[in-house]
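Please open the structure in your viewer and keep the sequence panel visible. The tour below proposes one selection after another and states what is to be found at each stop.

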Amino acid sequence: MTNDCLFCRIVAGEIPATVVHETDETLAFRDIGPKAPVHVLVIPKAHHADVAELAAADPALAGTLLAACAAVAAGEGLKEDGYRVIFNVGAHSGQEVFHVHAHVLGGRPLGPMVSA
Ligand code: AMP
Ligand code: ZN
């Protein structure tokens, strides 16, 4: 738990979130500013700043996080038509919250992977 981390505070129940999936090690909740009909953030409950730090510190948990993303996608009905999983890392990606999170996006064709 990092007191000044927004997503640690969501894990702790100090800030409300619309939770759609939870395991002992992961939490998934709806993004507050959805960019697609389905936009869910999937996080490990343990604090790691980004996916590179997570993979280095705890590769098993990184795999568990990916499995949670797949479970969320299935639960949101995205399996048949497909979806996108995005990890932003660092400045060029526009990462704003430095607690690793996967964006699971779907519910319509998502267009090009990045804008020009
Ligand atoms: P990123 O730019 O990859 O760091 O993404 C951060 C995401 O967190 C953005 O898509 C925000 O809309 C989302 N976000 C910020 N605050 C909250 C919150 N309190 N609950 C849910 N999503 C949030
Ligand atoms: Zn955190």
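## Stop 1: An aromatic pair

Begin by selecting F7, a buried residue with a relative accessible area of 6%. The model on display is a predicted one. Next, add F29 to the selection; F29 is also buried, and its relative accessible area is 3%. Residues count as buried when this value is under 20%.

How many aromatic pairs does the structure hold? The structure holds 1 aromatic pair. The ring centres of F7 and F29 lie 5.3 Å apart and the ring planes stand at 80°, so the pair is described as edge-to-face. Planes over 60 degrees apart receive that description. Because F7 belongs to helix 1 and F29 to strand 2, the pair ties together parts that are 22 residues apart in sequence.

## Stop 2: Strand 2 and its neighbours

Keep F29 in view and extend the selection to strand 2, residues 26-30. This strand is mostly covered, with 4 of its 5 residues buried.

Now add strand 1, residues 19-22. Strand 1 and strand 2 run antiparallel and are joined by 3 bridges. A hairpin of 3 residues leads from strand 1 to strand 2. To see one position of this pairing, select V19, which stands opposite F29.

Then select strand 3, residues 38-44. Strand 2 pairs with strand 3 in the antiparallel sense, over 5 bridges. Here F29 stands opposite L41 of strand 3, while R30 has V40 as its bridge partner in strand 3.

## Stop 3: The two faces of strand 3

Hide the other strands for a moment and look at strand 3 alone. Is strand 3 mostly covered or uncovered? Strand 3 is mostly covered, for 7 of its 7 residues are buried.

In a regular strand, side chains alternate between the two faces of the sheet. Colour the two faces of strand 3 separately: V38, V40, V42 and P44 are on one side, and H39, L41 and I43 are on the other. Both faces are covered, and these residues are all buried.

Bring back strand 5, residues 102-106. Strand 3 and strand 5 run antiparallel, and 5 bridges join them. For one of these positions, select V42, whose bridge partner in strand 5 is A102.

## Stop 4: The zinc site

Select the zinc ion (ligand 2) and display the side chains of C5, C8, H47 and H99. Which atoms are the protein donors of this zinc ion? The donors are the SG atoms of C5 and C8 and the ND1 atoms of H47 and H99, lying 2.1 to 2.3 Å from the ion. The angles among the 4 donor atoms are 106 to 117°, and the site is tetrahedral. For comparison, the ideal angle for four tetrahedral donors is 109.5 degrees.

Along the chain, the donors follow the spacing C-x2-C-x38-H-x51-H. C8 in helix 1 (residues 6-11) and H99 in the loop between strand 4 and strand 5 are 91 residues apart, and the pair links distant parts of the chain. Both C8 and H99 are buried.

Finally, consider the two cysteines of the site. C5 is buried, with a relative accessible area of 6%, and C8 is likewise buried, with a value of 2%. A disulfide is a covalent bond between the sulfur atoms of two cysteines. A search of the whole structure finds 0 disulfides.

Note on methods: Residues are numbered from 1 along each chain as its sequence is written. Chains are lettered from A and ligands numbered from 1 in the order in which they are written. This is a predicted model: local features need pLDDT of at least 70, side-chain atom pairs count only at pLDDT 80 or more; totals for chains, interfaces and linings use all residues. Side-chain values use heavy atoms; hydrogens and water are left out. Buried means under 20% relative accessible area, exposed over 50%, partly exposed in between (1.4 Å probe, protein chains only). Two strands pair if DSSP finds at least two bridges between them. A disulfide is a pair of cysteine sulfur atoms within 2.5 Å. Donors are N, O and S atoms within 2.8 Å of the metal (3.2 Å for Na, K and Ca); water is not among the atoms, so sites may look incomplete. Four donors count as tetrahedral if all angles lie between 85 and 135 degrees; four count as square planar and six as octahedral if opposite donors are over 155 degrees apart and all others between 65 and 115; anything else is irregular. Rings of Phe, Tyr and Trp (its six-membered ring) pair if their centres lie within 6.5 Å; planes under 30 degrees apart count as stacked, over 60 as edge-to-face and the rest as tilted.
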